[in-house]
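Me: I'd love to walk through this fold with you, one question at a time. Could you take a look at it with me?

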Amino acid sequence: MSAIPMERPVLGDDEAAALTGLAARVRELAEATVLTGAGAAEAAAVADEIAALTARLTAERRGAPPFVTPGERRMDRQIANPVSGPLNPFAPPIGLDVTSDGVVRGEFTLGAVYEGPPSYVHGGVSAMVLDQALGMAAAATGTPGMTATLETRYRRPTPLGVPLKVEAKASRVEGRKVYASGTISAPDGRVTVEATAMFIMPQRFVTSEY
Ligand SMILES: CCCCCCCCCCCC(=O)SCCNC(=O)CCNC(=O)[C@H](O)C(C)(C)COP(=O)(O)OP(=O)(O)OC[C@H]1O[C@@H](n2cnc3c(N)ncnc32)[C@H](O)[C@@H]1OP(=O)(O)O
């Protein structure tokens with residue numbers, strides 16, 4: 001069992017907007033950090049200022065990321081999700097829509113902080129994006145689950161700094177197991193990464209509400 005508590009405070013609109021704004025600034029800071037040409041002295045001075053800001057935020061520290069009141073989908077309460085969560089500076093964040101027929105789609109651009117091979121997206125980042133999109137497609141069947149298997153096929157390098165598309169759909173449900181597949185494609189429409197996955201609704205969630 002995780003040491004992180006499941007019970008979370010639920011943010012009001014004002015606090016969610018303020019923290020989302022904070023996360024956006026930290027995201028910019030992360031990109032500025034990997035791209036800065038500041039010299040050693042300036043980098044050290046900025047590091048001191050950031051340490052002071054971190055101490056200010058840590059003065060009121062929660063045990064786990066908060067939730068917001070979800071809309072249609074229960075999982076949307078997790079605004080610190082590392083793929084789609086606007087509260088998470090690590091997340092691009094990627095807006096993922098689910099159509100009425102269960103197709104998950106999103107458009108996104110990944111910058112320098114997600115670089116793997118020079119000028120291309122890190123393969124683990126692509127896998128993370130696909131895990132989320134395929135997981136949402138699985139959940140759209142009405143049987144949300146944890147990733148049991150995720151297979152990625154990297155057909156060609158995924159470019160940084162250009163608009164990418166992710167798409168996913170569930171293919172079948174077998175009891176607690178849901179199978180899904182999806183792709184990431186480049187602006188020319190060519191698929192760069194394909195994925196298939198199997199999600200399992202944990203036995204413990206069958207009898208308790210997730
Ligand atoms: C929740 C809402 C989220 C909803 C949110 C959706 C969007 C979020 C997307 C991100 C999702 C993640 O990253 S999730 C995080 C990454 N994934 C994880 O950490 C999962 C860790 N693994 C587990 O917790 C567990 O092993 C589970 C839940 C996968 C299965 O546990 P279980 O429920 O106890 O399953 P169990 O009874 O043992 O087995 C049931 C059947 O599945 C098979 N089976 C079990 N595990 C596997 C496996 N890894 N690969 C293949 N097959 C497997 C068994 O052989 C058996 O087959 P048979 O006898 O029936 O033939």
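Me: Which helix gives the most to the shell around the ligand?
Reply: Happy to help, and do keep in mind that this is a predicted model. Helix 3 (123-139), strand 3 (146-154) and helix 4 (203-206) each supply at least two residues of that shell. With five residues, the top contributor is helix 3.

Me: Thanks! What class of residue is most of the shell around the ligand: nonpolar, polar or charged?
Reply: There are 17 residues around the ligand, and G135, P144, M146, A148 and P202 come nearest. By class, one is charged and six are polar, while 10 are nonpolar. The answer is nonpolar.

Me: Which element gives the most to the largest nonpolar core?
Reply: This core has 28 residues, and L130, A133, L134, A137, A138 and A180 have the most contacts inside it. Strand 4 (164-174), strand 5 (177-185), strand 6 (191-200) and helix 3 each give two or more residues to the core. With eight residues, the leading element is helix 3.

Me: Nice. Which strands stand at the edges of the sheet, and why is one side of each left without a neighbour?
Reply: The sheet is open, with six antiparallel strands in the order 1-2-4-5-6-3. Each edge strand has a single partner strand, so one of its sides has no neighbour in the sheet. These are strand 1 (97-98) and strand 3.

Me: Last one: at about what angle does helix 3 run to strand 5?
Reply: Strand 5 pairs with strand 4 over nine bridges in the antiparallel sense. Helix 3 lies across strand 5 as well as strands 1, 2, 3, 4 and 6. Its angle to strand 5 is about 135°.

Terms used
Residues numbered from 1 in each chain as written. Predicted model: local features only at pLDDT ≥ 70, side-chain atom pairs only at ≥ 80, totals over all residues. Near = placed C-beta within 6 Å. Helix = DSSP H or I, 4+ residues; strand = E, 2+ residues; numbered from the N terminus. Nonpolar A, V, L, I, M, F, W, Y, C, P; charged D, E, K, R; others polar. Core = buried A, V, L, I, M, F, W, Y, C linked by C-beta atoms within 7 Å. Buried ≥ 20, exposed ≤ 12 C-beta atoms within 10 Å, placed from the backbone. Pairing = 2+ DSSP bridges. Contact = placed C-beta atoms within 7 Å. Axes fitted to C-alpha atoms, helices over the stretch in contact; angles between N-to-C directions.
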